[in-house]
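Me: I'm new to reading protein structures. Could you walk me through one, feature by feature?

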Amino acid sequence: MRTPPRFSDDVEPHHDRLSVPDDASVYVVGDVHGSREALERLLDELALAADDRVVFVGDLVRKGPDSPGVIDLVRGDDRLVSVRGNNEQKIVRGDEDPDWLREGDHDYFASLPVAISFDDALVVHGGVDPERPLAAHTLEELLTMRAPRGDGYDGPFWYDDYEGPHRVFFGHTVHAEPVVREHAVGLDTGCVYGGALTAYDYRGDRFVAVDPETTHEERSESKIVTPA
C-alpha cells in the first residue's frame, strides 16, 4: 500500500481515509446534482453487497429536481460517502440559500470531507495542481481546480500534466465521456445536462453508467469537454 496522501494542517482535518475489506467492491460516482432518479437507477445497477462502498465526488445537490432526495439516499446508507463539492461549499459559505434546504442539511454539507483516500486512490471534487505538492493546496483549490495555468473550460486542464503518485478521481469539470488517464479519472459526465451518471468500479476496472431520462438543465457545448 502506498503512503496515504497528506495535506496541510488546515486541510488534513477534512481528509478521511476509507477502509474497505479486500473482497469488497469500491465505486466512485460522478456529480449527481439533485438527479435522484438517475442515482436510484445507478445504485440498482451496482447491486451493492453489505461491505461494498460508494464514494461520490461531490456536487450531490443543486441544478437537478430533487436535492433533498439525493441527500436522504446518501445519508441513509452507511455504504455511501461523499466528498464536498463546490456546490455544497456555496451553501456552507452562505453564498447560496436554496428553497429546498432543510434543517440539518447545512451541517451535513459542512461535515463532508474535502478529500477521501483509499488504497492508491484520492477522491476530490475539483482536482490537484500537478506542479505543487498536496500540502501546498488550499481547501478551496481542491474543490475548484480545473485549469491552474489556463482559462477555465478553455484549458489546459490539470489532469493532462498530472503524473501521480496518487490516482485522483474527480468531478466538477463536465465531460462528454469519462476522463481516463494513468493517474486521473474524471467522472462528471453531465447527468443533469442530459449526459450519463457514471460510476467507476475501482477493483473491477470498469465503468458503469445509466443514461438520462430527462435533461434538467441546458448547457453550452463549450462547457462540455470531449476528452482527447
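Me: Let's begin with crossovers. Which elements make the right-handed β-α-β unit here?

Reply: You look for a strand, then a helix, then another strand. In this predicted model, strand 6 (residues 121-123), helix 5 (residues 139-144) and strand 7 build that right-handed β-α-β unit. Strands 6 and 7 also pair with each other, in the parallel sense, over three bridges. Take Ala121: its bridge partner in strand 7 is Arg167.

Me: What else does strand 7 pair with, and how many bridges are there?

Reply: Strand 9 (residues 184-186) is joined to strand 7 by three bridges, and the two run parallel. You can spot Phe169 standing opposite Val185 of strand 9.

Me: Which way do the side chains of strand 7 point?

Reply: Follow the strand and sort its residues by direction. Arg167 and Phe169 point one way from strand 7 (residues 167-170), while Val168 and Phe170 point the other way. All of these are buried.

Me: How do I read a sheet as a whole? What is the strand order in the open one?

Reply: Walk across it from one edge to the other. The open sheet has five strands in the order 4-3-2-10-11, and the pairing is mixed. Strand 4 (80-82) and strand 11 (206-210) are the edge strands; each has a single partner strand, so one side of each has no neighbour in the sheet. Ignoring direction, neighbouring strands are turned by 25 degrees against each other on average.

Me: Can you show me one pairing in there? How many bridges join strand 3 to strand 4?

Reply: Strand 3 (residues 53-56) and strand 4 run parallel and are joined by three bridges. One example to look up: Val54 has Leu80 in strand 4 as its bridge partner.

Me: Which helix packs on this sheet, and which strands does it touch?

Reply: That's helix 1 (residues 36-46), which touches strand 2 (26-29), strand 3, strand 4, strand 10 (197-201) and strand 11. The direction of helix 1 makes about 140 degrees with that of strand 11.

Me: Which residues of helix 1 are buried, and why do they end up on the same side?

Reply: Here's the general idea: an α-helix has 3.6 residues a turn, so residues three or four places apart point the same way. In helix 1, the buried ones are Ala38, Leu39, Leu42, Leu43 and Leu46. They cover an arc of only 135 degrees around the axis, so they sit on the same side of helix 1. Among the elements covering them are strand 2, strand 3, helix 2 (67-75), strand 4, strand 10 and strand 11.

Me: Helix 2 came up there. Is helix 2 largely enclosed or largely open?

Reply: Count its buried residues, meaning those under 20% relative accessible area. Seven of the nine residues of helix 2 are buried, so the rest of the structure largely encloses it. They are Ser67, Pro68, Gly69, Val70, Ile71, Leu73 and Val74. These buried residues pack against helix 1, strand 3, strand 4 and helix 4 (105-111).

Me: What about a single residue, say Asn86: buried or exposed?

Reply: Asn86, in helix 3 (residues 86-93), has a relative accessible area of 11%, so it counts as buried. Then check what surrounds it. Setting aside neighbours within four places in sequence, Asn86 is in contact with Asp59, His125, Leu143, Thr144 and His172.

Me: Now the backbone. Where are the cis peptide bonds?

Reply: Check omega for each peptide bond. A cis bond joins Gly155 and Pro156, with omega about -5 degrees. Another runs from Gly164 to Pro165, with omega near 15 degrees. Pro156 lies in the loop between helix 5 and strand 7, and Pro165 is in the loop between helix 5 and strand 7 as well.

Me: And phi? Which residue just after helix 1 has a positive value?

Reply: That's Ala47, with a phi of about 45 degrees, and it isn't a glycine. Ala47 is exposed, at 57% relative accessibility. Asp205, in the loop between strand 10 and strand 11, has a positive phi too, near 50 degrees.

Me: Last one: how many helices and strands does the protein have?

Reply: Five helices and 11 strands. The radius of gyration is 16 Å, close to the 17 Å that the globule rule gives for 228 residues, so the protein is as compact as a globular protein of that length. Of its 228 residues, 54% count as buried.

Terms used:
Residues numbered from 1 in each chain as written. Predicted model: local features only at pLDDT ≥ 70, side-chain atom pairs only at ≥ 80, totals over all residues. Heavy atoms only, no water. Pairing = 2+ DSSP bridges. Helix = DSSP H or I, 4+ residues; strand = E, 2+ residues; numbered from the N terminus. Axes fitted to C-alpha atoms, helices over the stretch in contact; angles between N-to-C directions. Contact = heavy atoms within 4.5 Å. Buried < 20%, exposed > 50% of the residue type's maximum accessible area, 1.4 Å probe, protein only. Arc of directions from axis to C-beta. Right-handed = clockwise from strand over helix to strand, strands pointing away. Rg over C-alpha atoms; globule rule 2.2 N^0.38 Å.
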